[in-house]
Amino acid sequence: MSRIAILVSGPSRGSNMQAIIEACRDERIPDSAVVAVIASRDDAPALQTAHALGVSTAVVNPREFPEADMYGDALLWVLQKAQPDLICLAGYMRLLPAQVVEAFPMRIMNIHPALLPLFGGRGMYGLKVHQAVLESGMKVTGCTVHFVDEQYDTGPIILQRCVPVEDADTPETLAARLLPIEHATYIEAIRLFVQGRLRVEGRRVRVSE
Ligand code: GRF
C-alpha cells in the first residue's frame, strides 16, 4: 500500500487533491491511499473537501513561525508522522522548505499549469500563468507534472500534456480547458510512481513498461 500525503496552500480549491483521493479509492491509482492533507492555512477551501471525504488533515501555517527554518522543521515533522511514500503538491504556492526536499528526494511531485520550463518560477501561478501564455502568442499550452527540487518548477519532468490555445481564449477559458487534463495527468504520473515505473536519470525521467 503506497501512502500519499498532499500539500495545499490557503487559496487552493483542492480539485487536484480531490481527483487524487478519488483515483486512489477507485483503484485508478492502484493499492494507494491519501493518508494526509496538509494545508498552510486553516481556512483553505481544500480542507473542507478533505474533511468531507474523510481524509486526515493538518495545518502548518508558515505565518505562525518567526523563522522560515522553523516552518520547515514543523512541516517535516508533520509529514514524517504521516510516513508518506509520495508527497503531492496540489496548489501549494510556496517554495517547499529545503529540509523537506532533502528528506524525500524524488518522492515529491508538483503539477504546474503550463509546459515547463516555460511560464514557471516564482510568482507564476494561477491565472498569471495563462495570461503569460496568451501574451506569448503560443498556440499550445498544457500542464507539467515534475519532481520537486529546491527551486520553483525546475525538477525533472515526469509527464506533460497539451491543449490548444484558441483565438477567443481568456486566462479563465484556458484554465478551464486545462483543469480536467491536469487531473488526468497527475493521476497518471502518480500511478506510474506507485507502480515503480519511473526512473530518474539526470534531468530525464524514464518510464518503463
Ligand atoms: C492548479 O492549476 C495546479 O496546476 C496549480 O495550482 C492549481 C491548483 O488547483 N499548481 P486546485 O486547487 O487543484 O483546483
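A polar contact here is a pair of N or O atoms within 3.5 Å. Keep that cut-off in mind for the tour of this predicted model.

**Stop 1: the ligand and its contacts**

Select the ligand, then Asn16. A backbone N or O atom of Asn16 is 2.8 Å from a ligand oxygen, so the pair falls within the 3.5 Å limit for a polar contact. The protein covers 89% of the 360 Å² of accessible area that the ligand has on its own.

Add Ser15 and show its side chain. A polar atom there lies 2.5 Å from an oxygen atom of the ligand. Next, show the side chain of Arg13: one of its N or O atoms is 2.8 Å from a ligand oxygen. For Asn16 the atom to look at belongs to the backbone, whereas for Arg13 it belongs to the side chain.

**Stop 2: the shell and the pocket**

Now select the residues surrounding the ligand: Ser12, Arg13, Gly14, Ser15, Asn16, Gly91, Ile111, His112, Pro113 and Glu182. Coloured by class, this shell shows two nonpolar, six polar and two charged residues.

Turn on a surface for the protein. The ligand sits in the largest pocket. Two elements, α1 (15-25) and β5 (108-112), give two or more residues to the shell around the ligand. Colour the chain by domain as well: domain 1 (1-104) and domain 2 (110-209) each supply at least three residues of the shell.

**Stop 3: a cis peptide bond**

From β5, move along the loop that leads to α5 (127-136), and select Pro117 there. The peptide bond between Leu116 and Pro117 is cis, with omega at about 10 degrees.

**Stop 4: a positive phi**

Go to the loop between α3 (68-82) and β4 (86-89) and pick Gln83. What is the sign of phi at Gln83? Phi is positive at Gln83, about 50 degrees, although this residue is not a glycine.

Why list these last two stops? Most residues other than glycine have a negative phi, and most peptide bonds are trans.

Key
Residues numbered from 1 in each chain as written. Predicted model: local features only at pLDDT ≥ 70, side-chain atom pairs only at ≥ 80, totals over all residues. Heavy atoms only, no water. Near = heavy atom within 4 Å. Polar contact = N/O pair within 3.5 Å; in protein donor to acceptor, adjacent residues only side chain to side chain. Areas by Shrake-Rupley, 256 points an atom, 1.4 Å probe, with all protein chains shown as cover. 1 Å grid on protein atoms, 1.4 Å probe; cavity = no way out; pocket = protein on both sides within 12 Å on 5 of 7 lines; lining within 4 Å. Sits in = over half its atoms within 2 Å of the grid points. Helix = DSSP H or I, 4+ residues; strand = E, 2+ residues; numbered from the N terminus. Nonpolar A, V, L, I, M, F, W, Y, C, P; charged D, E, K, R; others polar. Domains from an automatic or database assignment.
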